[in-house]
Amino acid sequence: MNMLSLSTGFALSVAAYAAGAFASLACWRRPALARRICCSAALAGAVLGGLTSVLGILRDTPVAWSVPSGIPLFAYSFSYDALAGFFNLALAIPVAAVSIYSFGYLKELEGKRNIGLFGFLFNLLLLSLTVVFTAANAFLFLIAWEVTALTAYGLVTFYHEDRETRRAGLLYVIMAHIDAGCLLLGFALLINSTGSAEFASFRPLAAVLNGGQQTAAFVLFFLGFAIKAGVIPFHIWLPAAHPVAPSNVSALLSGIVIKTGIYGMARIFLDVLGGVPSWAGLLVLIVGVVSAVLGVLYALMEHDLKRLLAYHSIENIGIILMGLGAALIFRVAGHPMLAAVALVAAMFHTLNHAIFKSLLFLGAGSVLHSTGTRNMEEMGGLIRPMPVTAFCFLIGAIAISGLPPLNGFVSEWLTYQTLLAGFGAISGLRRILFPLAGSMLALTGALAAACFVKAFGITFLALPRGAKSRNAHEAPRTMLIGMGWLTLACAALGLGVTWFLPAFDAMTEQLLGQRVSTHLVTAHGLVLSAGMPTSGTVSPLVIAVGLLVLMVPAALLVVLGVRRFGRKRGPVWDCGLPGLSEENEYTATAFSKALRMIFSVLYKPRREIQAVFDVSPYFPKEIHFESEIEPTFEKRLYAPLQEFIFRVSSRMRTIQAGSIHAYLAYIFVTLVLLLLFGVRK
Amino acid sequence: MTEVLINSALQLVLLLLVAPLLSGTIKTLKARLQMRRGPGILQSYRDILKLLRKGMVIPETASWIFSAAPYMVFGTATLVGLMIPMTTTHAPFSLFGGVLAVVYLLALGRFFLALGGLDTGSSFGGLGSSREMTISAIAEPAMMLAIFTVALGANSTNLSEMAKVAVGQSWRFLAPSQMLAFAALFIVLIAETGRIPVDNPATHLELTMIHEAMILEYSGPYLALIEWGASIKQLVLMTLLVNTFFPFGLSSDWTLQTIGVGLAFYLAKLLTLACMIVLVETTNAKLRLFRVPELLMVAFILGALALISTFLF
């Protein structure tokens with residue numbers, strides 16, 4: 001029964017997405033209808049997919065089904081297990097919000113854009129993501145992976161008149177194909193050893209592969225998934241592509257599409273290959289630390305609201321990789337229990353990031369919708385015209401900064417505990433890496449808090465910095481409902497974490513043979529513990545209630561004081577120079593100035609000031625200020641690489657003579673060589 | 001349950017009362033060392049009482065965030081105070097949050113205060129917020145490394161557990177790792193409580209100010225809450241230092257006598273640490289803002305050395 005309803009639910013959700021895709025394409029001449037079809041189909045698919053995923057998460061044994069295709073090595077094989085269920089849940093929660101949000105968001109585009117095409121790409125993206133998370137055949141997986149990349153490309157370049165958008169799309173599609181190429185080679189390696197492309201047939205392989213093959217498989221898969229996840233130094237496409245997409249799409253790209261990389265690592269490294277060597281785990285951990293710290297440092301320098309959020313995705317992927325790396329190391333070192341806790345930390349952060357990053361992108365989308373700009377320097381004071389958006393964004397900002405009592409805090413807390421436990425569990429000098437990684441996580445968290453003080457403070461507080469934000473208005477109700485749903489999810493997963501933990505049990509059981517939820521909860525479900533008897537406990541719920549209770553006497557004092565001695569509104573202290581205006585306000589650039597100077601080794605900032613004055617240099621009439629930081633990776637790594645590729649291609653151009661005879665000769669020679677190769681085997 | 005409630009109530013009273021006394025004592029000691037008479041150790045109480053009986057002026061530009069910040073600062077500081085062992089090893093809220101919760105709750109208060117600074121639209125507020133978030137961000141890794149060194153020794157991040165382990169080995173602070181960790185945390189304490197050489201708590205009249213710039217627009221009861229919260233935060237951080245490294249007088253029993261002895265020891269230890277702070281404040285000049293990271297880097301390196309020396313000794 002359970003099994004039947006699971007596959008039915010999966011099929012229905014896929015069918016909803018597919019119907020939405022084709023129906024909205026068919027109705028492209030009637031934009032209002034296409035918009036409704038696109039959003040309702042996505043919502044229906046998400047609700048069905050979400051309900052199915054709950055069934056999947058709780059199942060101990062996977063449900064698998066396969067339809068042969070007649071093509072060698074290829075079959076429509078699906079396996080719906082706890083890991084698939086978990087990622088489908090992480091897909092369904094933001095998608096439900098985004099599709100409700102899109103009812104209002106897309107309305108603006110009616111008549112200006114082809115909403116039918118948008119609905120087609122959007123629903124097809126969701127469909128392909130669902131298949132990526134459930135495919136059990138290498139080629140099915142790769143096809144779904146490719147469809148994800150192509151539909152995402154279509155959505156990223158939806159505003160294709162803009163040159164910046166086209167360039168970002170091109171960069172995205174190039175990187176997406178490099179990663180698909182790596183995965184193809186990785187799977188080819190596995191298929192070569194087994195003669196089958198089914199994931200199930202790879203599983204006994206771990207024992208068969210020799211050291212070199214194992215290393216090669218790890219490197220190829222890691223490259224492929226790391227590029228997809230936007231890990232530094234393969235991140236350059238992410239801050240380019242995510243901001244230029246429509247905001248509802250940005251929410252999905254950052255919220256869930258990059259998580260396919262995390263899913264892939266969990267699926268291949270933990271499930272299919274059944275563990276990777278210890279150095280590989282360390283590599284994942286270190287790459288995670290680097291991504292987290294550099295991601296947030298680059299985010300701090302942004303004053304484009306959506307680019308800032310995109311860089312935070314890199315940071316959070318880094319935090320997830322810290323947990324995942326620790327899980328890989330503990331598994332090899334023979335600590336399945338610790339590995340399970342580390343995996344819970346990583347997966348919980350994956351889900352949490354999917355939720356609060358979608359929320360923040362939707363909030364940024366409302367701001368963009370209302371002000372028409374992504375530049376924070378033109379915003380300000382938006383909390384007055386847009387109170388609900390501001391509140392939702394604030395909750396998202398607290399959650400992503402890892403502050404208690406919301407969900408971001410809980411998963412970062414688990415990551416800290418994992419890293420601390422690693423110091424005791426791993427032998428040798430390398431164990432010092434764990435507390436060091438913990439301290440870098442602390443740096444990341446504190447810098448993220450600084451960045452979101454800037455993002456929220458400059459965008460929503462004080463006075464408007466331009467006409468665009470002076471005329472701002474609140475977003476339509478559907479958009480607010482979408483954001484409100486995610487805001488609730490942030491609070492619920494933080495405060496109610498102890499009731500949510502059993503959701504990880506089947507997954508950790510399947511991948512590591514351990515169920516940990518009962519170890520992670522003490523004191524009748526009130527307190528989250530780190531799994532070991534004496535290693536640390538925390539209770540977000542009690543923290544939240546305690547904060548509220550302790551604020552009551554403070555509020556009484558204030559109320560009593562105000563009642564007797566009054567309270568009035570007055571102008572801000574202007575240093576005796578009357579007429580304080582928005583020009584006196586701190587800007588986003590100024591806010592991050594201190595950090596720009598402290599980390600100048602990394603940023604290599606350049607600034608240019610031109611002042612025009614009449615009488616004295618102390619009273620300038622005009623000042624022109626320009627400041628920028630060096631895009632290190634683009635300049636030092638990718639620019640030389642690009643130059644190299646261009647050089648090689650221009651050499652190779654000599655064989656491209658443009659003569660059809662020459663090309664026929666090439667084809668013939670290639671054919672002969674391939675035949676010889678085949679015969680020799 | 002009742003025990004937790006009584007313990008919480010006692011500790012809450014202690015927190016609310018000792019915190020201003022400690023600030024007042026530091027001010028007086030500092031004045032005496034500088035050949036001034038000083039305001040007297042009760043001055044902080046008078047300040048808070050005075051502020052509570054003043055009218056409030058709210059900037060025209062401010063939103064509800066400006067009003068929320070004082071409550072958050074006060075609430076987080078007092079809640080954190082309940083998670084930390086003061087007179088016995090029993091912290092009433094130890095089970096509900098360890099040292100990580102302490103650090104992150106203080107960060108939550110700071111997050112709101114920095115937003116409150118930006119909310120006024122005055123450039124001072126923004127300046128203060130920017131500097132406060134910057135300095136706390138660089139202080140964080142040093143703080144965590146030092147705390148990890150202690151937590152790894154105790155195998156727990158819960159402060160009561162850490163205190164219990166420390167009680168078992170009172171002379172542990174002589175170990176190199178502990179001394180290095182203490183030095184690192186002391187520097188972080190100076191930075192986090194905004195003292196010379198990082199920030200000058202005595203003035204809001206210079207452009208180098210950090211904390212005072214952020215709260216420049218607050219007045220009346222809101223300012224009282226912020227000042228009170230800041231002094232509680234200072235007390236909490238000092239308690240963290242004295243009780244995890246020097247567990248003298250801490251008892252794991254919970255009787256009237258142990259509480260009394262614990263209280264006497266606790267106050268004496270606080271006074272000693274206060275003297276150290278006063279000495280540092282008096283003998284140093286305030287650093288330029290961009291020299292502060294160097295100081296905090298020293299703290300980070302001390303923390304890393306502390307961690308490494310746990311291998312060696």
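Two strands pair if DSSP finds at least two bridges between them, and I note this rule at the start for the strand shared by the two chains. Helices (H or I, at least four residues) and strands (E, at least two) are DSSP runs, numbered from the N terminus.

With that rule I looked up strand S6 (567-570) of chain A, and I found that S6(A) pairs in the parallel sense with strand S1 (residues 56-59) of chain B over 4 bridges. In S1(B), I noted B:Val57 as the bridge partner of A:Lys568.

I keep in mind that this is a predicted model, in which local features need pLDDT of at least 70, side-chain atom pairs count only at pLDDT 80 or more, and totals for chains, interfaces and linings use all residues. Residues are numbered from 1 along each chain as its sequence is written, while chains are lettered from A and ligands numbered from 1 in the order in which they are written.

Next I checked the confidence, where pLDDT is the predictor's confidence in each residue, from 0 to 100. The model scores ipTM 0.96 and pTM 0.95, and chain B has a mean pLDDT of 91, with 100% of its residues at 70 or more. Within chain B, I found the lowest confidence in helix H6 (residues 159-168), at a mean of 86, and the highest in helix H3 (residues 64-82), at 96.

I then turned to the contact between the chains, taking two residues as in contact if their C-beta atoms, placed from the backbone, lie within 7 Å. By this rule, 66 residues of chain A are in contact with 71 residues of chain B. On the side of chain A that touches chain B, the elements that give two or more residues include helix H16 (407-425), helix H17 (433-460) and helix H22 (540-565) of chain A, as well as S6. The residues on this side of chain A divide into 46 nonpolar, 15 polar and 5 charged, where Ala, Val, Leu, Ile, Met, Phe, Trp, Tyr, Cys and Pro count as nonpolar, Asp, Glu, Lys and Arg as charged, and the others, Gly among them, as polar.

For chain A as a whole, I recorded 27 helices and 8 strands. Its C-alpha trace spans about 95 × 70 × 60 Å along the principal axes. I call a residue buried if 20 or more other C-beta atoms lie within 10 Å of its own, exposed if 12 or fewer, and partly exposed in between, with C-beta atoms placed from the backbone; 56% of the 681 residues of chain A count as buried.

I also followed a hairpin, which joins S7(A) to S8(A) through 6 residues. Strand S7 (residues 606-613) of chain A lies largely in the open, because the number buried among its 8 residues is 0. S7(A) runs antiparallel to strand S8 (residues 620-628) of chain A, and 8 bridges join them; A:Ile609 has A:Phe625 in S8(A) as its bridge partner.

A smaller entry concerns an open sheet of 3 strands in chain A, in the order S3-S4-S5 and with antiparallel pairing. Its edge strands are S3 (521-522) and S5 (537-538) of chain A, each of which pairs on one side only.

Last, I looked at B:Tyr45, which has its place in helix H2 (residues 43-52) of chain B. B:Tyr45 counts as partly exposed, with 16 C-beta neighbours inside 10 Å.
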